[in-house]
Amino acid sequence: MSSFEVVYFAVSARAQSIRSMLSLAEVNWKNRVPQWPEEKESMPFGRLPQLNETTPEGSKFSLVESGAIERYLARKYGFLPSDNQISSKLESYALQIKDSQKAYLHHVVKSKTEESKAAMEEQFRFLFKCHEPILAASPSGHYHGNSITYPDIVLYTLYSQATKRNCGRLFNELECPHIMKLVTSMDSNKKIAYAIATVE
C-alpha cells in the first residue's frame, strides 16, 4: 500500500478534506510543513497543498491543487463509486460546496469585511437551498449509498471549519435539518477527528 506526505501549513484550510480521506482510508500518511516561501519555486505551479505518494515498489507521484488531490484520493479509495455518471454527480455536489468554502476562506482569512461576511452568508444559504433536497431524498442521510463519500467529506470540512471560526451559527436545524443530521453524525468519527488533530 502506498504511503503519503501532505505538504501544507499547520492549519486545516485547503488540506482538511485531503487529510480526512487519508485517515478514513487507513493508509500510512504524514504532514510536512514546508519552509515558505523558500520552497515555493520548487513546488509545481508554486502552489500548496502538495500530495507526495510513494508506492510499495518505491515509485514517486506528486500532485498539487487541492481539488485534484481530493478527487484522486476519492477515486483511489472508494469515496467516489466506479459508475461514471454517479461519480460525476457526486463530484458536482462537492464542487458546489467548495463555492461556499471559497467564500468562507475569503472572509475569515483575507477580507474580514461586512461585505465579505454578507457574501459568505448568501453563499451558505444557497448551499442549503440546493443540498437540503438532495439529502432529504437519501434514506441513509448520505449523498450516496450508506457510507461516507466525497461530498460528505467536503461538506463536513466546511461545517467544522466554519464552526471553529464562529461562523457555524449559519448551520442550524431550521434552515438545513438534513445537512445538520449528516455533519453532526460525522462529528463523532474518530478518523476524521484524528486528521484534524494532526495540525490543531
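In this predicted model, Glu53 and Lys76 are paired in a salt bridge whose closest N and O atoms lie 3.3 Å apart. The two residues belong to distant parts of the chain, Glu53 to strand S3 (residues 50-54) and Lys76 to helix H2 (residues 66-76), with 23 residues separating them in sequence. Their surroundings can be described through relative accessibility: Glu53, at 4%, counts as buried, whereas Lys76, at 38%, counts as partly exposed.

Helix H2 takes part in another such pair, since Glu70 of helix H2 is linked to Lys98 of helix H3 across 28 residues of sequence. Here the side chains of Lys98 and Glu70 meet in a salt bridge with an N to O distance of 3.0 Å, and both Lys98 and Glu70 are buried. Elsewhere, salt bridges with shared partners join Glu5, Arg32 and Glu39 into one network.

A further pair involves Lys191 and Glu26, whose side chains form a salt bridge at 2.8 Å, N to O. Because Lys191 sits in helix H7 (residues 190-197) and Glu26 in the loop between helix H1 (16-24) and strand S2 (28-32), this salt bridge ties together parts that are 165 residues apart in sequence. Lys191 is partly exposed, with 33% relative accessibility, and Glu26 is exposed, with a relative accessible area of 56%. In total, the model contains nine salt bridges.

Lys98 leads back to helix H3, where it also belongs to the contact with helix H5. The axes of H3 (residues 84-111) and H5 (residues 150-164) come within 8 Å and cross at roughly 15°; angles under 35 degrees count as roughly parallel, and H3 and H5 are therefore described as roughly parallel to each other. The crossing in which H3 passes H5 is left-handed. On the H3 side, the contact is made by residues including Leu90, Tyr93, Ala94, Ile97, Gln101 and Tyr104, and on the H5 side by residues including Tyr150, Val154, Leu155, Leu158 and Gln161. By character, the residues of this contact divide into twelve nonpolar, four polar and two charged, with Glu91 and Lys98 of H3 among those taking part.

Gln96 also has its place in helix H3. Its relative accessible area is 15%, and burial means under 20%, so Gln96 is buried. Leaving aside residues up to four places away in sequence, Gln96 touches Gln123, Phe126, Leu127 and His131.

Terms used. Residues are numbered from 1 along each chain as its sequence is written. This is a predicted model: local features need pLDDT of at least 70, side-chain atom pairs count only at pLDDT 80 or more; totals for chains, interfaces and linings use all residues. Side-chain values use heavy atoms; hydrogens and water are left out. Axes are lines fitted to C-alpha atoms, for helices over the stretch in contact, and angles run from 0 to 180 degrees between N-to-C directions. Helices (H or I, at least four residues) and strands (E, at least two) are DSSP runs, numbered from the N terminus. Angles under 35 degrees count as roughly parallel, over 145 as roughly antiparallel, 65 to 115 as roughly perpendicular and the rest as oblique. A crossing is left-handed if the near helix is turned anticlockwise from the far one by less than a right angle, and right-handed if clockwise. Contact means heavy atoms within 4.5 Å. Ala, Val, Leu, Ile, Met, Phe, Trp, Tyr, Cys and Pro count as nonpolar, Asp, Glu, Lys and Arg as charged, and the others, Gly among them, as polar. Buried means under 20% relative accessible area, exposed over 50%, partly exposed in between (1.4 Å probe, protein chains only). A salt bridge is a side-chain nitrogen of Lys or Arg within 4 Å of a carboxyl oxygen of Asp or Glu.
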